[in-house]
Amino acid sequence: MPPEKALSRPVLSTSDLNVHYGKVHAVQGVSLEVRAGEVVALLGANGAGKSSIIRSLVGLTPASGGRILLRDRRIDGLSSEVRSALGMAYVPEGRRVFGDLTVRDNLLMGAYLVKDRAKIEQQLEEVFGLFPGLRERHRQIAATLSGGEQQMLAIGRALVREPEVLILDEPSLGLAPVMIKVIYETLKRIRERGMTLLLAEQSAHIALKIADRAYVLETGRVTYESDAASLRSDPALRESYLGA
Amino acid sequence: MFDQLFIGGLATGCVYAVVGLGFTLVYRTLRMVNFAQGHVFMAGAFLGLVIAERVHLPALPLLFVVGAVAFALGMVLERLVFRRLYHNHEVFIVGSIGLGIVLMNGVRVFFPEPVPFPKVFGSEVVQIGAARFQEGYLWVVLSTLVLVVLLHAMFTYTRTGRALRAVAADAEIAATVGVDVKRAIALTFGLSFAVAAIAGVLIGPLYFVSFDMGDMVGLKAFSAAVFGGINSIPGTILGGLVIGVLENLAGGYISSAYKDLVAFVILLVMLIWRPTGLLGRETPVKV
């Protein structure tokens, strides 16, 4: 991790986070930190609790215990729309673009809380700069885009209002390898602009290419936490914690 | 005779289409059917009647005031009643039927017998081709056209309209981009109440108004929405027009006794042949 990131204060953090679905204890006392400008990966197999953590961070699944802080503000009791207004942006698993809306309307929904029209247009241009394909298809109904294009749109929708932290749930899921490469190249560019990213991924080798740090999850608990370089370079660690 | 029946059917079909739009707006957002919609149409007619008799408002302000009052009532009832029923579709259906019965009997207390509606849209007879009809029929058709254009413009070009469409597409994700979903749902109910109440005022001067007038119109508007595709606004409008015209033609050429049958035969055929309706699409069930 670059020293300046190590010194910076957490943008987003949880302490002793718990999530229950009925009697199922999906997230068990997870504490994590994401510092300004950092890319943090949540790694683990299907069912490890990654999506439950992400959903509770963005306010879609209530935490049954623990705290979530955005900067120094406690947000675990706030609704999704308020968390969004405070600077969180979410790219959901499965993309979930607004299928009946055009590409442009989807992006405008991403900027729903931005009132300044000139600012909105400027941000749309930024997104079109990152994803030129979206500019060409800006009048197209989102449901008719390919999976990869929908993922670009979902990321563009989250970026369009310059969030403080971008939270992505399985951005590579269901995409062709060539499209995964495009998406991750773009995430790298976003990272280079200083954006803070939290990334849940089942495919550890992909996420570790851009992550600064990683948390490995098993059955709802953090079982290992380290800088991504260690996980990348140590096959024994990868084998022990990620089975790869 | 055909022209006469066609234009009469078109006007009735416009009413089915507008009341049906209320079903569609709520269904798109909640995947639930508000069976109080027909009774809101009836209540709108009586609200228009009271305002027209007491305040003597001209036609356009009358439509606007009734629409605005119904819009506010829809938002209030969403907060007080409907919001408590969302958790279960069956509960919602029974609750909305119950609310409709309350509305109907509430009006019945004050108006136990059918009453004439003031001729707020004029009483001139207009001739187009061989067809002669009351001026009110033109008001119904033109007002429907204006309503549809306004709704289309609102949904397409305004921030609020986009937000309502986003909530209809995926409420959870709409919340994560900052939309107040509860408020969006309340606005949807407000709009559905407003369009139904306006339809009530439009049809009022053409017939007598009575506390039970919403029963059949509500069912036919629902049939129109299912026929066209209950999640499709253009489909519902098309469905309303087709049912209105066909039932009027059947009433004229076969027998008026069979007029009401047409809507329900069309509904049955559509449910068997194409349950998603003419222009509707399958929508995933919200969980």
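This passage describes the salt bridges of a predicted model and the interface between its chains A and B.

Charged pairs offer a convenient way into the structure. Side chains of opposite charge can pair when their charged atoms come close. Over all chains, the count comes to 22 salt bridges. One of them brings together Glu170(A) and Lys50(A), with an N to O distance of 3.6 Å. The two partners come from distant parts of chain A, 120 residues apart: Glu170(A) sits in the loop between strand E7 (165-169) and helix H8 (177-192), whereas Lys50(A) belongs to helix H2 (residues 50-58). Despite their charge, both Glu170(A) and Lys50(A) are buried.

A second pair within chain A spans a shorter stretch of sequence. Here Arg213(A) meets Glu225(A), and the closest N and O atoms are 3.8 Å apart. Because Arg213(A) lies in strand E9 (residues 213-218) and Glu225(A) in strand E10 (residues 221-227), this salt bridge ties together parts of chain A that are 12 residues apart in sequence. The surroundings of the two side chains can be set side by side: Arg213(A) has a relative accessible area of 9%, under the 20% limit, and is therefore buried. Glu225(A), at 47%, falls between 20% and 50% and so counts as partly exposed.

Turning to the interface, the contact between the chains takes 21 residues from chain A and 19 residues from chain B. About 1900 Å² is buried between chain A and chain B, and carbon and sulfur atoms give 56% of this area. On the side of chain A, Glu81(A), Phe98(A) and Tyr112(A) lose the most area to chain B, together accounting for 33% of what that side buries. The count of salt bridges between chain A and chain B is 5, and 8 residue pairs are in polar contact across the interface. Helices H3 (80-85) and H4 of chain A each supply at least two residues to the side that touches chain B. The most comes from H4(A), with 4 residues. By class, this side of chain A has 9 nonpolar, 4 polar and 8 charged residues.

Individual charged residues round out the picture. Arg165(B) and Asp105(A) form a salt bridge with an N to O distance of 2.9 Å. Since Arg165(B) lies in helix H6 (residues 159-176) of chain B and Asp105(A) in helix H4 (residues 103-110) of chain A, the pair joins two chains. Both Arg165(B) and Asp105(A) are buried. Finally, a network of salt bridges links Arg55(A) and Arg96(A) with Asp170(B) and Glu172(B).

Technical notes: Residues are numbered from 1 along each chain as its sequence is written. Chains are lettered from A and ligands numbered from 1 in the order in which they are written. This is a predicted model: local features need pLDDT of at least 70, side-chain atom pairs count only at pLDDT 80 or more; totals for chains, interfaces and linings use all residues. Side-chain values use heavy atoms; hydrogens and water are left out. A salt bridge is a side-chain nitrogen of Lys or Arg within 4 Å of a carboxyl oxygen of Asp or Glu. Buried means under 20% relative accessible area, exposed over 50%, partly exposed in between (1.4 Å probe, protein chains only). Contact means heavy atoms within 4.5 Å. Buried area is the accessible area (1.4 Å probe) that two parts lose on being put together, summed over both. A polar contact is a pair of N or O atoms within 3.5 Å; within protein, one must be able to donate a hydrogen and the other to accept it, and residues adjacent in sequence count only if both atoms are side-chain atoms. Ala, Val, Leu, Ile, Met, Phe, Trp, Tyr, Cys and Pro count as nonpolar, Asp, Glu, Lys and Arg as charged, and the others, Gly among them, as polar.
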